[in-house]
Amino acid sequence: MSIRVIDSHTEGEPTRVIVEGGPDLGDGSIASQAERLSSEFDHLRTAVVLEPRGSEVLVGAVLRPPENSASDFGVIFFNNAGVLGMCVHGTIGVARTLQHLGKLSSRPGESIRLDTPVGPVTATIGPDGSISVENVPSWRTAQRVPVQLDDRLVHADIAWGGNWFALIDDHGEAIEFERRGALTELASRIRRAMNAARQDGTGAHAGPIDHVELFGPPTDDGHGRNFVLCPGGAFDRSPCGTGTSAKLACLAADGRLAEGAVWIQESIIGSRFSGSWRAGEEPGVVIPTISGRAWITGESTLHLDPDDPYRFGIL
Ligand code: PYC
């Protein structure tokens with residue numbers, strides 16, 4: 001069995017798009033196809049993103065026919081832990097891949113609409129070649145939730161930006177690449193504590209927190225730097241577009257960023273997304289737009305040899 005893929009990176013974070021030989025997920029909504037990917041084709045998810053072909057950092061994407069008549073494609077993102085609701089860096093990577101395949105023009109203003117399991121998003125080519133994603137509606141559900149750890153008390157906002165985020169400012173750590181090990185450990189402890197509180201009924205949030213976002217001051221002329229722990233334990237090399245969307249929802253709710261004003265979010269490696277928001281239909285809900293750049297890094301055919309004990313990845 002072979003699967004043809006195109007690899008790219010968006011501000012440092014990789015995306016692998018399946019362009020041939022992907023799973024037959026049938027018809028139905030993109031959300032139901034995402035469930036089918038998990039329940040019936042998980043071995044293909046792991047084959048594509050796990051070692052020895054992939055790594056814990058890689059986000060995979062499978063293109064599907066659109067669910068809505070106004071859309072061009074459907075897309076389902078996945079990583080080492082499972083299927084993702086949305087992925088902004090991945091959407092920028094998919095748009096860059098479609099340009100590479102000649103399915104999306106590079107003319108500024110050209111756009112493409114993609115159905116995801118959590119709603120439609122639109123990617124638009126910018127005048128400088130960057131790609132902007134108008135993301136799904138985003139909002140904050142809880143503010144300054146106390147999270148007691150062994151060695152410190154932190155406070156988390158909880159917000160949806162296409163995935164669920166806990167956003168923390170008062171963690172007391174420097175957001176520096178050299179400290180990525182300590183940041184991973186701290187963010188993992190915060191996520192464990194929040195999800196344990198949820199299970200014993202004392203949590204501030206009904207569903208699992210999948211990503212943890214630690215903030216610090218920018219090093220450049222941006223507005224903030226983040227460290228984002230993803231569901232499978234890797235940290236996002238990009239500034240995390242769904243996380244930046246969650247941040248914009250919090251800034252808007254706090255009256256700290258006006259509608260249309262630009263927020264520059266730096267990642268732990270120093271790469272950047274710029275983001276802004278417009279008001280959504282419900283009070284407190286924003287529609288974020290996140291912009292960044294992506295580059296093609298490879299095109300290959302993955303071979304799944306029936307004799308290879310690790311053809312479905314190292315689990
Ligand atoms: O950019 O939304 C994002 C993202 C989610 C996980 C990794 N990147």
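# A tour from the β10–β11 hairpin

Start at the hairpin of β10 and β11, where 3 residues sit between the strands and G162 has a positive phi near 110°. The model on screen is predicted.

Extend the selection to both strands: β10 covers residues 153-160 and β11 covers residues 164-168. They pair in the antiparallel sense, with 5 bridges. To see one pair, pick I158, which stands opposite A166 in β11.

Now add β9, residues 139-148. β9 and β10 run antiparallel and are joined by 7 bridges. These two strands also form a hairpin, here with 4 residues between them. Select V147 and V154 as an example: V154 in β10 is the bridge partner of V147.

Is β10 mostly covered or mostly open? Of its 8 residues, 7 are buried, so the strand counts as mostly covered under the cut-off of 20% relative accessible area.

Next, select I190 and show its contacts. Leaving aside residues up to four places away in sequence, I190 touches V147, L149, V154, I168, V212 and L214. V147 and V154 are the bridge partners already visited.

I190 is also one of the residues with the most contacts inside the largest nonpolar core, together with F77, V94, L214 and F227. That core has 59 residues. It draws at least three residues from each of domain 1 and domain 2. A second, separate core has 19 residues, among them L25, A34, I76 and L302.

Colour the chain by domain for the next stop. Domain 1 is made of 2-127 + 296-303, and domain 2 is 139-291. Taken over C-alpha atoms, their centres are 24 Å apart. The contact between them takes 17 residues from domain 1 and 20 residues from domain 2.

Move to the ligand. Which residues are around it? Select C87, V88, H89, H211, D236, C240, G241 and T242. Three distances are worth displaying:

- V88: a backbone N or O atom lies 2.9 Å from an oxygen atom of the ligand.
- D236: an N or O atom in the side chain is 2.8 Å from a nitrogen atom of the ligand.
- T242: an N or O atom in the side chain is 2.8 Å from an oxygen atom of the ligand.

Stay with C240, one of the residues around the ligand. C240 is located in the loop between β13 (224-229) and α5 (241-253). Its phi is positive, about 65°, although C240 is not a glycine. Is C240 buried or exposed? C240 is buried because its relative accessible area, computed at 4%, falls under the 20% cut-off.

A second residue of this kind is E11, in the loop between β1 (2-10) and β2 (13-20). E11 is not a glycine either, and its phi is positive, near 50°. With a relative accessible area of 5%, E11 is buried.

Finish with the backbone at E51 and P52. The peptide bond from E51 to P52 is cis, and its omega is near 10°. To find the place, select the loop between α2 (42-49) and β3 (59-64), which holds P52.

Terms used:
Residues are numbered from 1 along each chain as its sequence is written. This is a predicted model: local features need pLDDT of at least 70, side-chain atom pairs count only at pLDDT 80 or more; totals for chains, interfaces and linings use all residues. Side-chain values use heavy atoms; hydrogens and water are left out. Buried means under 20% relative accessible area, exposed over 50%, partly exposed in between (1.4 Å probe, protein chains only). Two strands pair if DSSP finds at least two bridges between them. A nonpolar core is a set of buried Ala, Val, Leu, Ile, Met, Phe, Trp, Tyr and Cys residues joined through side-chain atoms within 4.5 Å. Domain bounds come from an automatic or database domain assignment. Contact means heavy atoms within 4.5 Å. A residue is near a molecule or strand if one of its heavy atoms lies within 4 Å of it. A polar contact is a pair of N or O atoms within 3.5 Å; within protein, one must be able to donate a hydrogen and the other to accept it, and residues adjacent in sequence count only if both atoms are side-chain atoms.
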